[in-house]
Amino acid sequence: MDVRCPSLFGRDNKVIGWMRHVLTAISVFQFVVGCCLLGYMAWVLATSITVSRFLSGTLIFTYSVIGLGIVFFTTGLVGWVAGASESLCGLRLYLCILLLAVATEIGGLLALNILQTRLDDFLINGWAEVNQGTRNIVQNKFNCCGFYGPKEFAYTNYPISNSCYDTIQEVTAEASTASQTLKQSGCGAPLKFWLDDNKAVWCSVLAVFGGLQLMSIILCIHIIHKLKDKTGYKKTSEKRRLHNEKGAYSL
């Protein structure tokens with residue numbers, strides 16, 4: 001028995017209209033975001049010692065970012081294909097994956113709440129798990145060194161990066177000399193203050209992603225109903241035509 005997923009093309013695309021294009025655009029955006037997150041974590045794992053502890057079960061920041069990247073990558077890719085092809089089976093699969101992704105995100109937030117994970121704990125774990133390139137960006141932006149300050153390097157074997165030094169150029173009549181001074185402040189406090197000051201921004205970003213997922217669910221359900229109605233109408237018309245042909249032959 002040949003079972004195929006019904007799909008509408010040509011003039012039947014008018015049944016869906018702009019909803020198909022909006023769903024495809026949202027899916028493409030989610031796919032790009034997922035690729036960026038996974039690409040960043042691949043760079044972090046390839047250039048840090050975090051990769052050696054990947055299976056330890058203690059890398060909260062790494063697991064969270066990779067999980068979000070997989071969610072956005074998978075839902076974006078499936079939604080992109082399903083929206084572009086208008087496949088009823090593909091849209092149903094996309095809806096199931098999207099609902100599962102939302103449930104996973106809610107479960108992750110509840111788990112963090114149950115574990116009483118604070119922002120300070122998340123920042124400390126993130127600082128320990130990211131690579132030196134990410135730390136250099138933060139240290140240059142906030143003019144700091146280390147999470148607690150340069151004193152933390154006294155208890156580890158990690159070398160102090162050049163981003164922990166301020167270069168002072170002294171120009172005299174005879175020659176110009178450059179001297180370096182070690183930054184004394186840590187990055188933990190200014191990073192937390194920056195997140196608090198920009199809370200409205202990153203909360204809005206999270207709300208936008210949640211709204212896009214909710215909008216995708218609504219659009220997907222509506223498109224599925226449209227396709228089912230159109231497919232049912234086509235099947236009824238086909239049965240009526242075959243019945244009329246049989247009646248004509250019997251006459």
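A residue counts as buried when its relative accessible area is under 20%. By that cut-off Val44 is buried, because its relative accessible area is 1%. The model in which Val44 sits is a predicted one, and Val44 makes a convenient starting point for a tour of it. Val44 belongs to helix H1, and its contacts, leaving aside residues up to four places away in sequence, are with Glu129, Val130, Asn131 and Thr134. One of these partners, Thr134, is 90 residues from Val44 along the chain, yet the two C-alpha atoms are separated by 8.2 Å.

With that first residue placed, the overall layout can be introduced. The protein contains seven helices and two strands. Followed along the sequence, these elements appear in the pattern α-α-α-α-α-β-β-α-α. Of the 251 residues in the protein, 31% are buried. Contacts between residues far apart in sequence are well represented: among the contacts that link residues at least 6 apart, 70% join residues at least 24 apart.

Helix H1 also holds Thr24. This residue is buried too, since its relative accessible area of 15% falls under the 20% cut-off. Beyond residues up to four places away in sequence, Thr24 touches Trp80, Gly83 and Ala84.

The interior comes next. In soluble globular proteins, nonpolar side chains tend to be buried together. Here the largest nonpolar core is made of 17 residues, and those with the most contacts inside it are Leu23, Leu91, Tyr94, Cys220, Ile223 and Ile224. Two or more residues of this core come from each of helix H1 (18-46), helix H2 (60-85), helix H3 (88-114) and helix H7 (199-250). The greatest share is that of H7, which provides seven residues. Cys220 gives a view of the packing within: not counting residues up to four places away in sequence, Cys220 touches Leu91, Tyr94 and Leu95. Another core, of nine residues, lies apart from the largest one, and its members include Leu123, Val138, Cys187 and Leu195.

Helix H6, which spans residues 188-197, shows how a helix can have two faces. Its buried residues are Gly188, Leu191 and Leu195. They lie on the same side of H6, because together they cover an arc of only 70° around the axis. An α-helix has 3.6 residues a turn, so residues three or four places apart point the same way. On the face of H6 turned away from the buried side are the exposed residues Phe193 and Asp197.

Two helix pairs deserve a closer look. The axes of H5 and H6 come within 10 Å of each other and cross at roughly 80°. This crossing makes H5 roughly perpendicular to H6, because angles of 65 to 115 degrees count as such. In the contact, Val138, Lys141 and Phe142 of H5 meet Pro190, Leu191 and Trp194 of H6. Sorted by class, the residues of this contact are five nonpolar, no polar and one charged. Trp194, which lies in helix H6, is partly exposed, with a relative accessible area of 38%. Outside its sequence neighbours up to four places away, Trp194 touches Lys141 and Phe142. The C-alpha atoms of Trp194 and Phe142 are separated by 9.4 Å, although the two residues are 52 apart along the chain.

The other pair consists of H2 and helix H4 (residues 119-129), whose axes come within 7 Å and cross at roughly 85°. H2 is therefore roughly perpendicular to H4. Ile60, Phe61, Thr62 and Ser64 of H2 meet Phe122, Asn125, Gly126 and Glu129 of H4. This contact of H2 with H4 has three nonpolar, four polar and one charged residues. Glu129 has already appeared in this account, as a residue touched by Val44.

A final detail concerns the backbone. Most residues other than glycine have a negative phi. Asn143, by contrast, has a positive phi near 55° and is a residue other than glycine. Its position is in the loop between helix H5 (132-142) and strand S1 (165-171). Asn143 is partly exposed, as its relative accessible area is 40%.

Key: Residues numbered from 1 in each chain as written. Heavy atoms only, no water. Core = buried A, V, L, I, M, F, W, Y, C linked by side-chain atoms within 4.5 Å. Buried < 20%, exposed > 50% of the residue type's maximum accessible area, 1.4 Å probe, protein only. Helix = DSSP H or I, 4+ residues; strand = E, 2+ residues; numbered from the N terminus. Contact = heavy atoms within 4.5 Å. Arc of directions from axis to C-beta. Axes fitted to C-alpha atoms, helices over the stretch in contact; angles between N-to-C directions. Parallel < 35°, antiparallel > 145°, perpendicular 65-115°, else oblique. Nonpolar A, V, L, I, M, F, W, Y, C, P; charged D, E, K, R; others polar.
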